[in-house]
Amino acid sequence: MSEYINPNYPDIPYLRDKAKKRIPRFAFEYLDGGCNAEINLKRNTDEIREVKLLPYYLRDYPEISLETELFGKTYSAPFGISPIGLQGMIWPGASEILAQAAFEENIPFILSTVATASIERIAEITEGNAWFQLYHPVEGSLRDDLLKRAADAGIKTLVILADVPSFGYRSKEIKNGLAIPPRMSLSNIAQIMSRPNWALSTLMHGQPEFKTLKPYIPEGMSLRHLGLFMNKTFNGRLNEERIKTLRDKWQGNLVLKGVATEEDAEKAITHGFDGMIISNHGGRQLDCGESTIHPMSRIAAKYGDQTTIMMDSGIRTGPDIANTMASGAHFSFLGRSFMYGVGALGKKGGRHTIGILKKQLLQVMQQVCCSNTRDLPNHLLKP
């Protein structure tokens with residue numbers, strides 16, 4: 001277990017506060033925000049924390065272990081790092097920092113198609129142990145090339161994103177002119193000047209780019225046309241035919257992310273997916289939908305013995321992980337918490353955040369007298 005924890009930042013809210021002071025507002029609002037009125041962003045975490053666990057203080061139980069097996073590999077804890085786009089804009093080199101921390105601490109790291117590090121670089125850092133999340137392209141040739149690159153790099157688990165049939169309406173991003181690189185309005189320039197550590201780190205690391213997608217983006221494309229290119233290239237909405245094709249083409253583990261209903265869960269199982277991540281994209285896509293904890297609980301109850309059920313969106317802390325797993329998830333993923341860590345502490349932020357989460361989760365399990373994560377559902381207080 002990681003022993004690195006900076007005592008000045010012993011919990012995720014401390015990291016968030018520090019990161020907010022070190023990252024330009026336009027980048028922090030991209031990381032921290034949701035869509036529309038941000039109702040589901042808040043609901044996600046609030047409803048996870050409505051879950052209650054039962055402690056059995058007089059029971060004998062063996063030594064506690066956080067180790068969790070997933071797709072034949074044993075990880076040191078039941079959580080991993082969610083995919084986040086534009087990571088290098090939030091903090092320079094964030095993808096590489098988190099991939100390295102995940103590899104050293106033996107937890108999974110998922111790279112987004114629209115991250116600022118390439119498949120090949122992340123696979124090199126993690127010795128092929130990273131996962132890759134695919135935004136489904138419109139063109140089959142681009143899809144096939146991305147799949148080939150992932151396989152050639154040694155990636156064994158492919159995550160197919162289902163919950164972005166359209167891009168979320170995020171008014172803060174519209175107002176901030178979010179782009180790669182960010183639009184240099186007077187407001188954004190002032191924000192950058194007020195964050196010298198971020199500015200210097202960006203200068204040293206280099207301008208963030210969509211590294212995985214760089215071979216497909218025409219050279220010299222303006223920011224306006226880059227946005228149009230991305231919208232045109234990745235509006236490939238999933239359907240049953242496309243997920244069947246992906247299952248046929250990908251020889252490794254295949255996971256569907258963005259599942260929110262029993263109907264979609266059943267289709268994923270029918271078409272041979274190895275697992276699913278119950279997610280609402282961190283409250284960034286559908287403001288009037290459910291939080292993740294309730295559909296995950298229903299899906300786990302119905303299909304948990306047929307496939308691997310994972311969850312992200314709204315999970316921030318060790319107790320949140322415990323509540324999620326007690327509600328039926330086999331594994332959990334967190335995104336914002338790790339980016340707060342990197343934004344606050346730079347290169348040390350990944351391992352620091354992993355250390356916090358492991359220690360918090362271990363303390364919960366000790367408190368309720370639970371010897372392993374598989375037993376957490378037996379501590380769930382049912383309504």
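**Entry 1: strands β7, β8 and β9**

I began with the pairing of β7 and β8: the two strands run parallel and are joined by four bridges. This is a predicted model, and I read every entry below with that in mind. I looked up one residue pair in this pairing and found Leu256 opposite Met276 of β8. Next I followed the chain between the two strands. β7, α13 and β8 form a β-α-β unit, and the unit is right-handed.

I then turned to β9, residues 308–311. β8 and β9 are also parallel, with four bridges between them. Here I noted Ile278, whose bridge partner in β9 is Met311. The connection passes through helix α14, residues 293–303. β8, α14 and β9 make a right-handed β-α-β unit.

Is β8 covered on one face or on both? I checked its residues, 275–278, and found both faces covered. Gly275 and Ile277 are buried on one side. Met276 and Ile278 are buried on the other. So Met276, the residue opposite Leu256, counts as buried because its relative accessible area is under 20%.

**Entry 2: the second largest pocket**

I looked up the volume of the second largest pocket and got about 740 Å³. Its lining has 30 residues. Which of them are closest to the centre? I listed Ala162, Asp163, Gly258, Ala260 and Asp264.

I then asked which elements contribute. Three that each supply at least two lining residues are α12 (240–249), β7 (253–259) and α13 (262–270). I had already met β7 and α13 in the β-α-β unit with β8. For the chemistry of the lining, I counted twelve nonpolar, twelve polar and six charged residues.

**Entry 3: positive phi outside glycine**

I looked at two backbone angles. Asn36 is not a glycine, yet its phi is positive, about 50 degrees. I placed Asn36 in the loop that links α2 (25–32) to α3 (39–48). Is Asn36 buried, exposed or partly exposed? Its relative accessible area is 46%, so I logged Asn36 as partly exposed.

Phe71 also has a positive phi, about 55 degrees, and is not a glycine either. I found Phe71 in the loop between β1 (68–70) and β2 (73–75). With a relative accessible area of 24%, Phe71 is partly exposed. The cut-off for buried is under 20%, so Phe71 does not count as buried.

Definitions and conventions
Residues numbered from 1 in each chain as written. Predicted model: local features only at pLDDT ≥ 70, side-chain atom pairs only at ≥ 80, totals over all residues. Heavy atoms only, no water. 1 Å grid on protein atoms, 1.4 Å probe; cavity = no way out; pocket = protein on both sides within 12 Å on 5 of 7 lines; lining within 4 Å. Points joined across faces, edges and corners; volume = space filled by probe spheres on them. Nonpolar A, V, L, I, M, F, W, Y, C, P; charged D, E, K, R; others polar. Buried < 20%, exposed > 50% of the residue type's maximum accessible area, 1.4 Å probe, protein only. Pairing = 2+ DSSP bridges. Right-handed = clockwise from strand over helix to strand, strands pointing away.
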